[in-house]
Amino acid sequence: AKLDKVQAEIAALNKRIKQVDQAVKDNQSMIDSTEKQITTNKKQVEQLEAEIAELEKRIEERTEILKQRAITYQQTNGDASYLEVLLGSTSFGDFIERIGAVSTIVKADRQLMEDSKADQLALEKKQSTVENKLADLNDMKTELIGMQKDILQQQKQNEELKTTLKDKEAESKRQLAEAEAQNI
């Protein structure tokens, strides 16, 4: 009866060891998957940072152009209004050319400002995305550390179970030998 009890304990321990081994394998798969996600997210962050740098460069270039135009306007003491430019024409053909030039300048200035606003919005969106990805990376890293601790704990538990199993098997063999000796 003792022998059957010990063998039942051995079977239960073997089953538990298999469960812990499977848990270790599952956790290792999750770690591998998480590490791949971290690598992917790092690449996306690097790409977004490059795009952000490009957007910042374009915004800076447009800002410089608008600044130069403002300086030019200020140097003329603001006296040269569009109306004065038009009224200063010497002929009807000159008047038409000046209307075209003023229209082009106004459109260009408006387009520069609209482009700058659009780039600024895109920049803010990309920066928000980068911040979110970095937060995700930190969360994944924390999760990864937790999973690695779980694996180490499970492996330690598994080793303890294996030691217990060996002790039980040795005890079982000793009891079997004792029983055989008594029967003899």
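Let's start with one residue: Leu 165 touches Ile 10, Leu 13, Asn 14 and Ile 17, leaving out residues up to four places away in sequence. Leu 165 is also among the residues with the most contacts inside the largest nonpolar core. Keep in mind as you look around that this is a predicted model. The protein has three helices and zero strands, and from the N terminus on its elements run α-α-α.

**Overall shape**

- Along its principal axes, the C-alpha trace of the protein spans about 135 × 25 × 15 Å.
- The radius of gyration of the protein is 39 Å, whereas a compact globule of 184 residues would have one near 16 Å.
- Take the contacts between residues at least 6 apart in sequence: 88% of them join residues at least 24 apart.

**The nonpolar core**

- The largest nonpolar core has 22 residues, and those with the most contacts inside it include Ile 31, Ile 38, Leu 123 and Val 130.
- Two elements, α1 (2-75) and α3 (92-183), each give two or more residues to this core.
- Helix α1 gives the most to this core, with 13 residues.
- Leu 144 and Leu 161 also belong to the group with the most contacts inside the core.

**Surface and charge**

- Buried residues make up 21% of the 184 residues in the protein.
- The accessible surface of the protein comes to about 13500 Å², and 54% of that surface belongs to carbon and sulfur atoms.
- The protein has 29 positive and 35 negative charges, and the mean positions of the two sets are 6 Å apart.

**Two residues to find for yourself**

- Start with Arg 62, which is found in helix α1.
- Arg 62 counts as buried because its relative accessible area is 14%, and the cut-off for buried is under 20%.
- Setting aside neighbours within four places in sequence, Arg 62 is in contact with Leu 112, Asp 115, Ser 116 and Asp 119.
- Next, look for Lys 156, which lies in helix α3.
- Lys 156 counts as exposed because its relative accessibility is 56%, and the cut-off for exposed is over 50%.
- Lys 156 and Lys 42 are 114 residues apart in sequence, and their C-alpha atoms are 33 Å apart in space.

How values were computed
Residues numbered from 1 in each chain as written. Predicted model: local features only at pLDDT ≥ 70, side-chain atom pairs only at ≥ 80, totals over all residues. Heavy atoms only, no water. Core = buried A, V, L, I, M, F, W, Y, C linked by side-chain atoms within 4.5 Å. Buried < 20%, exposed > 50% of the residue type's maximum accessible area, 1.4 Å probe, protein only. Helix = DSSP H or I, 4+ residues; strand = E, 2+ residues; numbered from the N terminus. Contact = heavy atoms within 4.5 Å. Rg over C-alpha atoms; globule rule 2.2 N^0.38 Å. Areas by Shrake-Rupley, 256 points an atom, 1.4 Å probe, with all protein chains shown as cover. Lys, Arg positive; Asp, Glu negative; His and termini not counted. Charge placed at Lys NZ, Arg CZ, Asp CG, Glu CD.
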